[in-house]
Amino acid sequence: MTPTVVHNEVVHVAPLHNRPPCLGEVVLVDSLREGLLIHRIVEINAAEMRYITKGDASACADKEVGRSEILGRVICVERPVGVPRPLGEPPPTVKTRAAN
């Protein structure tokens with residue numbers, strides 16, 4: 001699978017507040033071993049509030065993390081053209097106007 005976020009893109013992250021992260025959401029994780037990661041939640045242990053994440057282009061899942069290690073959810077990715085778009089939406093089409 002190809003990565004959702006690639007080099008030179010700006011990621012907008014919102015705090016979790018009181019809404020726990022959901023399966024399939026892309027989140028910012030502060031991993032003690034790996035540093036900051038933007039990965040997708042692929043498994044949830046709701047009883048223990050533990051999450052397993054995985055990079056879209058990674059072959060293996062990451063180690064389990066607690067909710068306190070999830071800093072926020074990715075809400076938008078700004079592509080190099082400078083047009084922010086919500087995560088999961090197709091890229092915008094380019095529209096041109098004829099000169100008057």
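The paragraphs below walk through a predicted model of a protein, beginning with its strands and ending with its cysteines.

Of the 100 residues of the protein, 27% count as buried. The protein has 0 helices and 7 strands, and, read from the N terminus on, its elements therefore follow the order β-β-β-β-β-β-β. Among the contacts in the protein with a separation of 6 or more, 46% are made by residues 24 or more positions apart.

A good place to start is the stretch that runs from β2 to β5. Strand β2, which covers residues 26-31, and strand β3, which covers residues 35-45, run antiparallel and are joined by 6 bridges. These two strands, β2 and β3, form a hairpin, with 3 residues between them. To find one of the pairings on the model, look for Leu-28, whose bridge partner in β3 is Ile-38.

Strand β3 is also joined to strand β4, residues 50-54, and here 5 bridges link the two strands, which run antiparallel. Within this pairing, Asn-45 stands opposite Arg-50 in β4, while Ile-44 has Tyr-51 in β4 as its bridge partner. The hairpin of β3 and β4 has 4 residues between the strands, and in this hairpin Met-49 takes a positive phi near 55°. Strand β4 in turn pairs with β5 in the antiparallel sense, over 2 bridges. Arg-50 can be followed into this pairing as well, since it stands opposite Gly-66 in β5.

From β5 the chain leads on to a loop that deserves a closer look. Arg-67 lies in this loop, between β5 (65-66) and β6 (70-78). Is Arg-67 buried, exposed or partly exposed? Its relative accessible area is 24%, and because buried would require under 20% and exposed over 50%, Arg-67 counts as partly exposed. Leaving aside residues up to four places away in sequence, Arg-67 touches Leu-16, His-17, Asn-18, Arg-19, Pro-20, Pro-21, Met-49 and Tyr-51. Two of these names have already appeared: Met-49 belongs to the hairpin of β3 and β4, and Tyr-51 is the bridge partner of Ile-44. Pro-20 shows how sequence and space can be compared, for Arg-67 and Pro-20 are 47 residues apart in sequence and 8.0 Å apart in space, C-alpha to C-alpha.

The next topic is empty space. Rolling a probe the size of a water molecule over the atoms shows where such space is left. In this model, the largest pocket holds about 160 Å³ of space. Its lining is made up of Val-29, Ser-31, Leu-32, Arg-33, Glu-34, Leu-37, Thr-53, Asp-62, Lys-63, Glu-64, Val-65 and Glu-69. Sorted by kind, the residues of this lining divide into 4 nonpolar, 2 polar and 6 charged.

The last topic is the cysteines. A disulfide is a covalent bond between the sulfur atoms of two cysteines. How many disulfides does the count give for this protein? If a disulfide is taken as a pair of cysteine sulfur atoms within 2.5 Å, the count comes to 0. Cys-60 has a relative accessibility of 56%, which means that Cys-60 counts as exposed. Cys-76, by contrast, has a relative accessibility of 12%, so Cys-76 counts as buried.

Conventions: Residues numbered from 1 in each chain as written. Predicted model: local features only at pLDDT ≥ 70, side-chain atom pairs only at ≥ 80, totals over all residues. Heavy atoms only, no water. Pairing = 2+ DSSP bridges. 1 Å grid on protein atoms, 1.4 Å probe; cavity = no way out; pocket = protein on both sides within 12 Å on 5 of 7 lines; lining within 4 Å. Points joined across faces, edges and corners; volume = space filled by probe spheres on them. Nonpolar A, V, L, I, M, F, W, Y, C, P; charged D, E, K, R; others polar. Buried < 20%, exposed > 50% of the residue type's maximum accessible area, 1.4 Å probe, protein only. Contact = heavy atoms within 4.5 Å.
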